[in-house]
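Q: I should like to learn how to read the features of a protein model, one at a time. Please give the general idea for each, and then the case at hand.

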2 protein chains.
Amino acid sequence: MTIKDIARQAGVSVATVSRVLNNQTGFSEATKDRVLRVIENSGYTRNDLARSLSGKRTQSIGLLLPSLTSYFVSELLSGVETRAHAADLSVIICDTDQDGARTLKYLRMLREKRVDGVIFVSEWLTDEYKKAFDLLQTRVVLVSTYSPLYSFPYIKIDDYRASYDAVAYLIQRGHRQIAMIGGSEDDPIAGKPRLDGYRAALKHHNLPIREEYVAHGDFDFRSGMRAMDTLWDRAPQLTAVFAASDEMAVGALNSAHRHGKRVPDDLSIVGFDDTQLAEMVPPGLTAVRQPVRELGRRAVEYLIGSSEDVAGIILPHSITERASVRTLT
Amino acid sequence: MTIKDIARQAGVSVATVSRVLNNQTGFSEATKDRVLRVIENSGYTRNDLARSLSGKRTQSIGLLLPSLTSYFVSELLSGVETRAHAADLSVIICDTDQDGARTLKYLRMLREKRVDGVIFVSEWLTDEYKKAFDLLQTRVVLVSTYSPLYSFPYIKIDDYRASYDAVAYLIQRGHRQIAMIGGSEDDPIAGKPRLDGYRAALKHHNLPIREEYVAHGDFDFRSGMRAMDTLWDRAPQLTAVFAASDEMAVGALNSAHRHGKRVPDDLSIVGFDDTQLAEMVPPGLTAVRQPVRELGRRAVEYLIGSSEDVAGIILPHSITERASVRTLT
DNA sequence: CTGAAAGCGCTAACAC
DNA sequence: GTGTTAGCGCTTTCAG
């Protein structure tokens, strides 16, 4: 069942059918009705492949994610999907698994599929990726990452500030022995900036910066647990810990639990992202809030051009208070 | 840059280029090398739209999910994505939001995109969906759901048995006052069967079935929390609760926490799914394990036909023991 | 082995 | 208003 069949049955030309189908102008109400009627009872569906091939957009975008299993990613995905669907775009998900070869393979696939745009999340933009992006010849937008070398538009929060604020918050609550479970010092996106923010806050408040108070993880639960375990060994006196992700914070919580420490009585914890996880885990995790869904929504809006043209967008962060932080007196 | 340009530059016909590109037969090593060389330094990428249009498959599948934000869905998605990627399929995600109109709209879109198959997850298959599926003219596979009316292949676990086993487990641990936080009695997929399994286990062990011991939720965190809250009112004497999802179990845990009850000392909890969440939340949730990723993997394998042809597949479940259940003596 | 040509289904000039 | 037709880029007979 093609446009041709419809044309024949309605006694018009394919051009006319195409016109009414795309509600353009150039046909009478009468023919329009006739065509529509024929289509109605004939189970016809337009073929997007053909449509796209002959010059139009493909109405699909690619979403490159470093992983699929975390609330951060889920919520971001949800934000993207919701907005995309509203704009009649379909989204192709690509789990890069933080692997170069895999990412490149996806990029090639997206090119073959002629997607109208791609959203690149949370990872560092390498030279190779940059080249692949150029080949893509579509719009690219960075989310929760950015590139100091290449000027792709980005949407993120101010990680340094957010981290600084979280630590300042703990200090304000009376904490002085504050540890941090951060990412890697080599990670210029979510690693370094957050670590720097932590140190800056301590320094600004005239607190000593002790390197034995910082442990590194890779943002997931297990690494957070391990990091906290080592922190206990190195600095049993600490009263608070700030983790660079909710999952690591929950890992810390878990570690505390296993060490017979109570949260927040014996240890205060602040997470990062404020995903659903923060609200779920008892006693409720105080966390730096990132407007995750909005990050996704905005990315799509940038791609479809319904957003002003800017170099980048920094969204505001905040702190969601729950019960994992105790005020020391 | 099209196949035509390559053909011209290599001094052959488009047919030949197409042949070597799809590594078929019918060309000499010499021409093959020549063509490949030209392609190499010309940034050519095949156009999948054109390729698909002229009869081939689209190499893409649609994945219909009831929601995007839960570990169950994330892990399933991950299973699907991994397998699909290995088979060079791209997956288009569709968040139905459990909404009929939205689902139908997605189904139409998937038809327009001529996907090679669709995976329908966790929801009840209505007449309307069934009609839309028929229109699709591609393979459809049901995951974590099935249809007694229409014979679509399905992949799931035995919910009734799984639930029965969970409750039997609690009974074996000495519990007698066991509550359940289930889905809706009207939900023939994850609601009724699990509720029935609960009752059957009690009955089989000669324990009374008290309706005030069962509360209903909709599988998410908040509903689990509310359900547990009502349970405390109705039956403060209970020693254990079995929830039909990990999220509801965590909701129950949260409720217990707020009521000053300790888990597992004052209340034992068993969850359902055994997602990452079960392992993350202290003290560690004992849960019925569903091989979620495998569910997804198998679904893709069915679609690409690398799986035997069967009416349905029931995967085995098990119980993962952690620390949320206390043995009563 | 290789090429010419007929589609795949639709859009967009360009005529009438 | 409406029809004709030339593509869009690729695959696939059918010849040679």
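Q: Let us begin with charged side chains. With which residue does R8(A) form a salt bridge, and how far apart are the closest N and O atoms?

A: Side chains of opposite charge can pair when their charged atoms come close. In this predicted model, the partner of R8(A) is D5(A), and their closest N and O atoms lie 2.9 Å apart. The two are separated by about one helical turn, because R8(A) and D5(A) stand three residues apart in helix α1 (residues 3-10) of chain A.

Q: How many salt bridges are there over all chains, and how many between chain B and chain A?

A: Over all chains the count comes to 46 salt bridges. Between chain B and chain A the count is ten. One pair to inspect is R222(B) with E279(A), a salt bridge whose closest N and O atoms are 2.4 Å apart.

Q: How should the interface itself be read, and what area is buried between chain B and chain A?

A: The size of an interface is often given as the accessible area lost when the parts come together. Here about 5,200 Å² is buried between chain B and chain A, and carbon and sulfur atoms give 57% of that area. In chain B, the residues that lose the most area to chain A are L49(B), H85(B) and M280(B), together 13% of what that side buries. The contact involves 55 residues from chain B and 54 residues from chain A.

Q: How many residue pairs are in polar contact across this interface, and which element of chain B gives the most to its side?

A: Across the interface of chain B and chain A, 33 residue pairs are in polar contact, with both residues at pLDDT 80 or more. Elements that give two or more residues to the side of chain B include α5 (71-86), α6 (100-112) and α10 (221-234). Of the elements on that side, α5(B) gives the most, with eight residues. By class, the side of chain B that touches chain A has 21 nonpolar, 17 polar and 17 charged residues.

Q: Turning to internal space, how many cavities of 30 Å³ or more does the structure hold, and what is the volume of the largest?

A: Rolling a probe the size of a water molecule over the atoms shows where empty space is left. The structure holds two cavities of 30 Å³ or more. The largest cavity has a volume of about 180 Å³. It is lined by 15 residues, of which L49(A), S60(A), K113(A), L49(B) and K113(B) are the closest to its centre. At least two lining residues come from each of α4 (48-53) and β2 (90-95) of chain A and α4 (48-53) of chain B. The lining of the largest cavity has four nonpolar, seven polar and four charged residues.

Q: What is the volume of the second largest cavity, and how is its lining divided by class?

A: The second largest cavity has a volume of about 40 Å³. Its lining has seven nonpolar, one polar and no charged residues. Among the lining residues are P153(B), Y154(B), Y302(B) and G312(B).

Q: Finally, the backbone: which residues does a cis peptide bond join in chain A, and what is the phi of R114(A)?

A: A cis peptide bond joins V263(A) and P264(A), with omega about 10 degrees. P264(A) is found in the loop between α11 (246-258) and β9 (268-273) of chain A. In chain B, the peptide bond from P282(B) to P283(B) is cis, with omega near 5 degrees. As for R114(A), its phi is positive, about 55 degrees, although R114(A) is not a glycine. R114(A) lies in the loop between α6 (100-112) and β3 (117-121) of chain A.

Methods
Residues numbered from 1 in each chain as written. Chains lettered and ligands numbered in written order. Predicted model: local features only at pLDDT ≥ 70, side-chain atom pairs only at ≥ 80, totals over all residues. Heavy atoms only, no water. 1 Å grid on protein atoms, 1.4 Å probe; cavity = no way out; pocket = protein on both sides within 12 Å on 5 of 7 lines; lining within 4 Å. Points joined across faces, edges and corners; volume = space filled by probe spheres on them. Helix = DSSP H or I, 4+ residues; strand = E, 2+ residues; numbered from the N terminus. Nonpolar A, V, L, I, M, F, W, Y, C, P; charged D, E, K, R; others polar. Contact = heavy atoms within 4.5 Å. Buried area = accessible area lost by both parts, 1.4 Å probe. Salt bridge = Lys/Arg side-chain N within 4 Å of Asp/Glu carboxyl O. Polar contact = N/O pair within 3.5 Å; in protein donor to acceptor, adjacent residues only side chain to side chain.
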